[in-house]
Amino acid sequence: MEMPSISSTPRTVEEIFKDFCGRRSGIIRALNQEVDEFYALCDPEKENLCLYGHPNSTWEVTLPAEEVPPELPEPALGINFARDGMNRRDWLSLVAVHSDSWLLSVAFYLGARFNGNERKRLFSMINDLPTVFEVVTERKPGREKSDNGSKSKQSTKRTSDGQIKNNTKHADDGYGEDEDEHSETLCGACGGNYSPSEFWIGCDVCERWFHGKCVKITPAKAESIKQYKCPSCSSKRGRQ
């Protein structure tokens, strides 16, 4: 694995946060959208493997760096050894927890020269994002819904008979309460928080919600879809 040079390492709070977000996005892809590929790469017969997230939102399963000490803190070593000895979901959750720890260690390693206020601001920015563990395990407060399935005035969901359900909410019919209820709903693709100003679409199979831009669905395109299946559910059906 190619390690970053000293001159290319981020220096400001914003730069380090951008680096953190890129690495986090890559790891979420490995443990969520591209989980089958990740699972296959973690062969227990291979040597100690690590999961790396890169600043450009890509991920990699490879051996740890040979440099001693390494250029950056290293992720958990030997994640592949426990793969077949655990329930798949539990194993992925364990990798997610270790990945969260690694992401924080890299961020604070890069910000080691920050003063107290800068470290506090960096952590506050990081803390506003859901952890990898929360995304992978779908621990999303406010996600559980009643049967009416409404989310926001910008969201689209379909009923069981394939008809599009209008979720438009107004100030006089409890929209404020609905917005609060979903303020911590997370995108099933990128892990980003819910925002009422963005278009969201719900999967009719797994019932997860996604930014339209993350799954390449526009409001106009959604109008013509009778039953929406997210990329993950679509690929699962194709393998059956």
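A residue is called exposed when its relative accessible area is over 50%, buried when that area is under 20%, and partly exposed in between. In the predicted model described here, Glu 207 has a relative accessible area of 54% and is therefore exposed. Glu 207 is found in the loop between strand E5, residues 200-202, and strand E6, residues 209-211, and its phi angle is near 65°, a positive value in a residue other than glycine. A positive phi in a residue other than glycine also occurs at Ser 57, where the angle is near 70°. Ser 57 lies in the loop between E1 and E2, and with a relative accessibility of 23% this residue counts as partly exposed.

The aromatic residues are considered next. A pair of aromatic rings is described by the distance of the centres and the angle of the planes. Four aromatic pairs are present in the structure. In one of them, the rings of Phe 38 and Trp 91 have centres 5.4 Å apart and planes at 15°, so this pair is classed as stacked, given that planes under 30 degrees apart count as stacked. Because Phe 38 belongs to helix H2 (residues 35-41) and Trp 91 to helix H3 (residues 88-110), the pair ties together parts that are 53 residues apart in sequence. Both Phe 38 and Trp 91 are buried, and for Trp 91 the relative accessibility is 0%.

Trp 91 also forms an aromatic pair with Tyr 39, and here the arrangement is edge-to-face, with 5.6 Å from centre to centre and 85° between the planes. This second pair likewise links distant parts of the chain, since Tyr 39 is in helix H2 and Trp 91 is in helix H3, 52 residues apart. Together with Trp 59, the residues Phe 38, Tyr 39 and Trp 91 make up one aromatic cluster. Two arginines lie over the face of the Tyr 39 ring: Arg 83 is placed at 4.5 Å from the ring centre, and Arg 88 at 4.6 Å from the ring centre.

Attention then turns to the nonpolar cores. The largest of these has 35 residues, and those with the most contacts inside it are Leu 31, Phe 38, Leu 51, Leu 122 and Val 132. Two or more residues are given to this core by each of helix H1 (13-31), H2, strand E1 (50-53), strand E2 (59-62), H3, helix H4 (116-127) and helix H5 (132-137). The largest share, nine residues, comes from H3. The surroundings of Leu 51 may serve as an illustration: when residues up to four places away in sequence are not counted, Leu 51 touches a set of residues that includes Ile 27, Ala 30, Leu 31, Phe 38, Trp 59, Val 61, Ile 79 and Val 95. A second core, separate from the largest one, has 16 residues, among them Phe 199, Trp 200, Ile 217 and Tyr 228.

Buried positions also include a polar side chain, that of Asn 80, which counts as buried because its relative accessibility is 0%. Asn 80 lies in the loop between E2 and H3, and its side chain reaches the backbone nitrogen of Leu 49 at 3.1 Å. Leaving aside residues up to four places away in sequence, Asn 80 touches Cys 42, Asp 43, Pro 44, Lys 46, Glu 47, Asn 48 and Leu 49. Asn 48 can also be located relative to Thr 62, because the C-alpha atoms of these two residues, which are 14 residues apart along the chain, are separated by 8.3 Å. Thr 62 lies in strand E2 and, at 17% relative accessibility, counts as buried.

The cysteines were examined last. A search of the whole structure finds zero disulfides. For Cys 42, the closest cysteine sulfur is that of Cys 50, and the separation of 9.9 Å is too far for a bond. Cys 187 is in no disulfide either, although the sulfur of Cys 190, the nearest cysteine sulfur, is 3.8 Å away; a disulfide requires two cysteine sulfur atoms within 2.5 Å, so this separation does not qualify. Both cysteines are buried, with a relative accessible area of 0% for Cys 42 and of 0% for Cys 187.

Definitions and conventions. Residues numbered from 1 in each chain as written. Predicted model: local features only at pLDDT ≥ 70, side-chain atom pairs only at ≥ 80, totals over all residues. Heavy atoms only, no water. Buried < 20%, exposed > 50% of the residue type's maximum accessible area, 1.4 Å probe, protein only. Phe/Tyr/Trp six-rings, centres within 6.5 Å; stacked < 30°, edge-to-face > 60°. Helix = DSSP H or I, 4+ residues; strand = E, 2+ residues; numbered from the N terminus. Lys NZ or Arg CZ within 6 Å of the ring centre and 35° of its normal. Core = buried A, V, L, I, M, F, W, Y, C linked by side-chain atoms within 4.5 Å. Contact = heavy atoms within 4.5 Å. Polar contact = N/O pair within 3.5 Å; in protein donor to acceptor, adjacent residues only side chain to side chain.
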